[in-house]
Structure formats: structure tokens, C-alpha cells
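Here are my notes on the two-chain model, set out as numbered points. Please read them with the structure open.

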Amino acid sequence: MDATAAAYIGAGLACLGMLGAAIGVGIIFGNFLNGAMRNPSAAPGQFGNLIFGFAVTEALGIFSLLIAILLLFVVPK
Amino acid sequence: MANDPIHQFHIEPMLEFSVAGYDASFTNASLAMVGGAVLAALFFNWAMKPAAMVPGRAQVVAEGAYGFIHGMLKDAAGTEGVKKFLPFVFTLFLFIFMSNMLGMFPGVFGIHHIFTPTSQIVVTAALALLVFFTVIIVGFAKNGLKFFKLFAPSGVPIYILWFVIIIEVISFFSRPLSHAVRLWANILAGHILLKVFAGFVPALAGLGLVGILGASLPLAMTVALYGLEFLVAFLQAYVFAILTCIYLNDALHPGH
């Protein structure tokens, strides 16, 4: 297998990392809704925390995207 | 190729000149950035000109935006943070928000499309590094060497402290990376997605009557995605600003 093919396969595999971020983001918003339905009056005050948790979780998916982009465009073929 | 989804990110120089051998041309990206900043400044000057006790419609928008960022910064970094950093965070938020929103225009005045500056990593990386170095400089200026307490949270048992410090250091230095790439990747992916779906419409409509009927599906999808992208444009500006607030809070109160 030549290096170009390996880089493309690696980029595809790196995107699997987004699966974890997707599950994490789903858990965050699902649990937020769960809590918000139980106590709707407290929900608006937690919006900032919700977005912060979402952003930090999403960062890990972004790192895998970055690896994919590095493999596609930066690794010499 | 007209349907090329990447073509929208091409930088075209409008006014070519160079400074000390470096290409410093005024490009369509520069135009979009200057346009966003000038529009925001003009709007706020115009909206706050009456400075009425009972605000008009424009003044409500301007005051609402101000109060929104004020509340966010106060929640994250306290009164001290508001005193020091409100102009900085408000400017960052407005600049990113205007860049994202202007980029949503498909095209005006014969211009093929309006460039989205935040779809270039060099722009978002510059903004993220600005925040990163502001945190470091303010942190050391205000706390001196106590700023290193940021890496050693209080109350951690001593035998896992070394491990926590390693994790904290890595997370501190990966902040500008994720800060920049989050905004960039979201805007880039969104704009490519829009153009790909929009490209399905003429491709299907070229197939005759059945194709024209079928083309209504990707057309409706494009409209729906456009709505979603407006949400993303706001949300990413908001996320960038709230993360800036949280990072600035670390500079002011590093002891967790």
C-alpha cells in the first residue's frame, strides 16, 4: 500500500473519533432536556453551562477532524 | 465549475500591494472583515444616538446585545471581569457575529457571494491566539507566579497531583487550538454543505420534468439548512465569546 492510500484511509479512520464527540454532545443535550423538563424554572440559568459543556465535548471531535485534515493536506504524499 | 463548493473560499485580491516583500493586498476577505466591523460600529452609533430613556426599536437591539454580553461575562468572570474585559469580549463577539452573518448572504450588487472571513483558519487562529496571550499576560501581571496555581487545583490528593498537573497543562495549551478550529470548522463545513445541497438543484432540474419535480426536495432542504446555518452563525459567535469569558476568568482567579 502506498503512502497516499494509507493517508486517505487514515483520514477516514480519524473521522471515527467524531462518533465519540457525537455521543457526548447527545448525552449533554439529552440530560439538559431531562433536567429542564423536571425543573423548567431553573433551566435558563444553566444555558451557559450547557453551551460550555457542549463546547468542551465538541473540542475532542474537532481534534479528530484536525487529524483527518492534517492527513489529507499536510502529510506529504 | 459553477457548482464547485470550494470556490466560495477563494481569496481574490482587489487592491494589490505589498509591504516589505510580503503580499498585503486588500482582498475580498479584507473587505468582508472591514465591512462587518464598520457595519457594527455604524449600527451602534446610529442606534444609541437618541440615548432615550424609553428606547426605540434599534436602541432595544443595541442595549439587548450589550446586556447579553454583560450578563454572560458577569456570570463567568464576576464584576472584576466586567470592569476589565467587557469592551474586549463585546468587540470579539460582534466581529465574529457580523462576519458569520454577512457570510450568509448569497450575493448582492453583482458580487458572486460575500466572503466569510471566519471560514479561514488564519482569522480564527489570530482571534484565538489574541485571547490566549491576553490570558497569559493578564494572568501573570495580576497574580505573578500564583498564576501557576491554575495548573494545580486545590484539594487534589498529593499522589495524583502530578498527573492532574500534566492534564491541566495539556488542556491549557490545547485551548487556542480548539478555540480556533471550532469556529473555523463549523463555518467551513456549514458553507460547503449549503453549496453541495444547492448544487443538487440545477443538477436534478436538468433531467427534465421528473427532475424538476425532484429538484424541489433539495431546494427545500437548502432553505431549511440555511435556517440552521443562521443558528450556527449566532451560536458559534456565542460559544467563542463564552469560552473567552471562561478563559479570562482563569486569568483573574487562577486558584479554581
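1. A definition comes before the count. Helices here are DSSP runs of H or I with at least four residues, strands are runs of E with at least two, and both are numbered from the N terminus. On that basis chain A has 3 helices and 0 strands. Its pattern along the sequence reads α-α-α.

2. The model is predicted, so confidence deserves a look before the details. The scores are ipTM 0.71 and pTM 0.84. Chain A has a mean pLDDT of 87, and 97% of its residues reach 70 or more. For chain B the mean pLDDT is 85, with 95% of residues at 70 or more.

3. Confidence also varies by element. In chain A, helix 2 (residues 17-38) has the highest mean pLDDT, 93. Helix 3 of chain A has the lowest, 84. Keep that in mind for points 6 and 7, where helix 3 of chain A (residues 47-74) packs against chain B. In chain B, strand 2 (residues 18-19) is lowest, at a mean of 76. Helix 3 (residues 121-143) of chain B is highest, at 91.

4. What is the overall form of chain A, spread out or compact? The radius of gyration of chain A is 18 Å. The globule rule gives 11 Å for 77 residues, so chain A is more spread out than a compact globule. Along the principal axes, its C-alpha atoms fill a box of roughly 60 × 15 × 10 Å. Buried residues make up 8% of the 77 residues in chain A. Take the contacts in chain A between residues at least 6 apart in sequence: 92% of them join residues at least 24 apart.

5. Chain B has 5 helices and 4 strands. The strands come before the helices in its pattern, β-β-β-β-α-α-α-α-α. The C-alpha trace of chain B spans about 75 × 55 × 45 Å along its principal axes. Of its 256 residues, 28% count as buried. Among its contacts between residues at least 6 apart in sequence, 63% join residues at least 24 apart.

6. Now the packing between the chains. Helix 3 of chain A packs on helix 5 (residues 209-252) of chain B at an angle of about 95°, with the axes 10 Å apart. Angles of 65 to 115 degrees count as roughly perpendicular. These two helices are therefore roughly perpendicular to each other. Helix 3 of chain A contributes A:Gly48, A:Ile51, A:Phe52 and A:Ala55 to the contact. Helix 5 of chain B contributes B:Tyr238, B:Val239, B:Ile242, B:Leu243 and B:Ile246. By class, the residues of this contact are 8 nonpolar, 1 polar and no charged.

7. Helix 3 of chain A also meets helix 4 (residues 158-205) of chain B. Their axes come within 9 Å and cross at roughly 80°. That crossing makes helix 3 of chain A roughly perpendicular to helix 4 of chain B. From chain A, the residues are A:Ala55, A:Glu58, A:Ala59, A:Ile62, A:Leu65 and A:Leu66. They meet B:Ser178, B:Val181, B:Arg182 and B:Ala185. The contact divides into 7 nonpolar, 1 polar and 2 charged residues. A:Ala55 appears here and in the contact with helix 5 of chain B.

8. How many residues does each chain bring to the contact between them? Chain A gives 9 residues and chain B gives 12. The side of chain A that touches chain B holds 7 nonpolar, 1 polar and 1 charged residue.

9. Two residues of helix 5 of chain B are worth locating. B:Leu235 lies in that helix. It has 15 C-beta neighbours inside 10 Å and so counts as partly exposed. B:Leu235 and B:Gly21 are 214 residues apart in sequence, and their C-alpha atoms are 39 Å apart.

10. B:Gly211 is also in helix 5 of chain B. Is B:Gly211 buried or exposed? With 14 C-beta neighbours inside 10 Å, B:Gly211 counts as partly exposed. Beyond its neighbours within four places in sequence, B:Gly211 is in contact with B:Leu204, B:Ala205 and B:Gly206. B:Lys195 is 16 residues from B:Gly211 in sequence and 19 Å from it in space, C-alpha to C-alpha.

Key. Residues are numbered from 1 along each chain as its sequence is written. Chains are lettered from A and ligands numbered from 1 in the order in which they are written. This is a predicted model: local features need pLDDT of at least 70, side-chain atom pairs count only at pLDDT 80 or more; totals for chains, interfaces and linings use all residues. Axes are lines fitted to C-alpha atoms, for helices over the stretch in contact, and angles run from 0 to 180 degrees between N-to-C directions. Angles under 35 degrees count as roughly parallel, over 145 as roughly antiparallel, 65 to 115 as roughly perpendicular and the rest as oblique. Two residues are in contact if their C-beta atoms, placed from the backbone, lie within 7 Å. Ala, Val, Leu, Ile, Met, Phe, Trp, Tyr, Cys and Pro count as nonpolar, Asp, Glu, Lys and Arg as charged, and the others, Gly among them, as polar. A residue is buried if 20 or more other C-beta atoms lie within 10 Å of its own, exposed if 12 or fewer, and partly exposed in between; C-beta atoms are placed from the backbone. pLDDT is the predictor's confidence in each residue, from 0 to 100. The radius of gyration is taken over C-alpha atoms; the globule rule is 2.2 Å times the number of residues to the power 0.38.
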